[in-house]
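User: I should like to learn how to read the backbone of a protein model. Could we begin with a loop?

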Amino acid sequence: MKQIFLITITLIFPFSSTAEIKGHWKKHLVWEGLRCNVAVAEDFTGDGKIDIISSAGGKTRLHVAPTWKEVVIGDDKSHTFIHGETFDVDGDGDADFIGARYKPGLIVWFEQPNKNPTRSPWKARIAEDEIIGIHGVLKADVNGDGKLDLLANSGQPKGKFPNSAAWLEVPRNPREANRWTRHIFAKEDAPGLSHYLGAGDLNGDGRIDITLAAKGGPADKSGQGEWFAWWEAGKDPTQPFKKHLLPGKHPGATNILPADVNGDGKLDIVASRGHGVGLIWYENPKWTIHEINTDLQSPHCLQIGDIDQDGDLDAVTCAYLSRKAAWFENDGNGKFTTHIINADQCAYDIRLVDMDKDGDLDALIAGQQSKNVVWY
């Protein structure tokens, strides 16, 4: 019976011939009803349980674990966020939420109330409103001062910072500051509708370098997209970084994350073509391309982590055209096997988080076309 079932799946989903079902990933529905682009997880209430913040339809929602009681912490139709992050922005010991709007560009941070995080609404303040085409944001300590900064792209070919990308330094007192301090690391050298960012020391000089991808395609009037690239940090991280274009032409390139795939101590790069097909990894230092998956359509999200707890780094995505959530098992040398988590799930965003605190990584998904927030 099991053999017949596997053959049936292959026939129904012809783009999954390399995939197999492995293990049991239980689906937990958190919320449903609208297209959702972003969901982040943290213990926002301080009770030891992992909560979720999502954004859809102009409302930013806190879903309180374990019942996922909904608290609307922001209700503003102009706050239609395409991506987000969470960290302690104001240094008061609790996690705040950051939401990014694509166009007109806007980044807003929501201050968690100290005494009652389930109080609505949370105070919302602008962090950035002059870069346009913000598709991805990412927390990282860019300048090495021990404090988290925020990376964001300015992916539209217009405005004050066209075809660019920035890192934003949190002001000393973010509650009183009008805006965060902006540093342009990619100065008009990131054309082609850039998407998501990554951060890590790729050349081993002790400085944080930044990765970025651009999808290109019909909407790219410049015709300069379809690339993966990294920007090398100099001694002064407030100045523009040096761009290094990675090999190949990659239609639909979206996600790019540094990770030591083969365990040689050097950061490689894992990447997905979220508006195209498949995932690859680049081997440092020659940036040789290796295939991870060649058939998933629109793997528009990516996370890296040791999913099977064998000591090496695996990857996870959710492909919205293939309607599949999948993880990729690394053998330790950079050879990956595709495993399907769920065969009827779409996503725009995915996070690896130990949601139930049982010691392993779970997959939190913001389902755009699925119109839900789920974790597996």
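Analyst: This is a predicted model. Let us begin with Lys371, which is placed in the loop between β28 and β29 (372-375).

User: What is the sign of phi at Lys371?

Analyst: Phi is positive there, at about 55°, although Lys371 is not a glycine.

User: Why does Lys371 count as partly exposed, rather than buried or exposed?

Analyst: Buried means under 20% relative accessible area and exposed means over 50%. Lys371 has 41% relative accessibility, and therefore counts as partly exposed.

User: Where does Lys357 lie, and what is its phi?

Analyst: Lys357 lies in the loop that runs between β27 (349-353) and β28 (362-367). Its phi is also about 55°, a positive value in a residue that is not a glycine.

User: Which peptide bond leads into Pro121, and is it cis or trans?

Analyst: The bond from Ser120 to Pro121 is cis, its omega being near -5°. Pro121 itself is found in the loop between β9 (106-111) and β10 (123-128).

User: What is the omega of the bond from Asn284 to Pro285?

Analyst: That omega is near 15°, and the bond is cis. Pro285 belongs to the loop between β21 (277-283) and β22 (288-297).

User: What pLDDT does the chain average?

Analyst: The average is 94, and 94% of the residues score at least 70. Over residues 1-21, however, the pLDDT is below 50. This stretch has 19 contacts in the model beyond near neighbours in sequence.

User: How should coordinates be read where pLDDT is low?

Analyst: Where pLDDT is low, one should not read the predicted coordinates in detail.

Note on methods. Residues numbered from 1 in each chain as written. Predicted model: local features only at pLDDT ≥ 70, side-chain atom pairs only at ≥ 80, totals over all residues. Heavy atoms only, no water. pLDDT = per-residue confidence, 0-100. Contact = heavy atoms within 4.5 Å. Helix = DSSP H or I, 4+ residues; strand = E, 2+ residues; numbered from the N terminus. Buried < 20%, exposed > 50% of the residue type's maximum accessible area, 1.4 Å probe, protein only.
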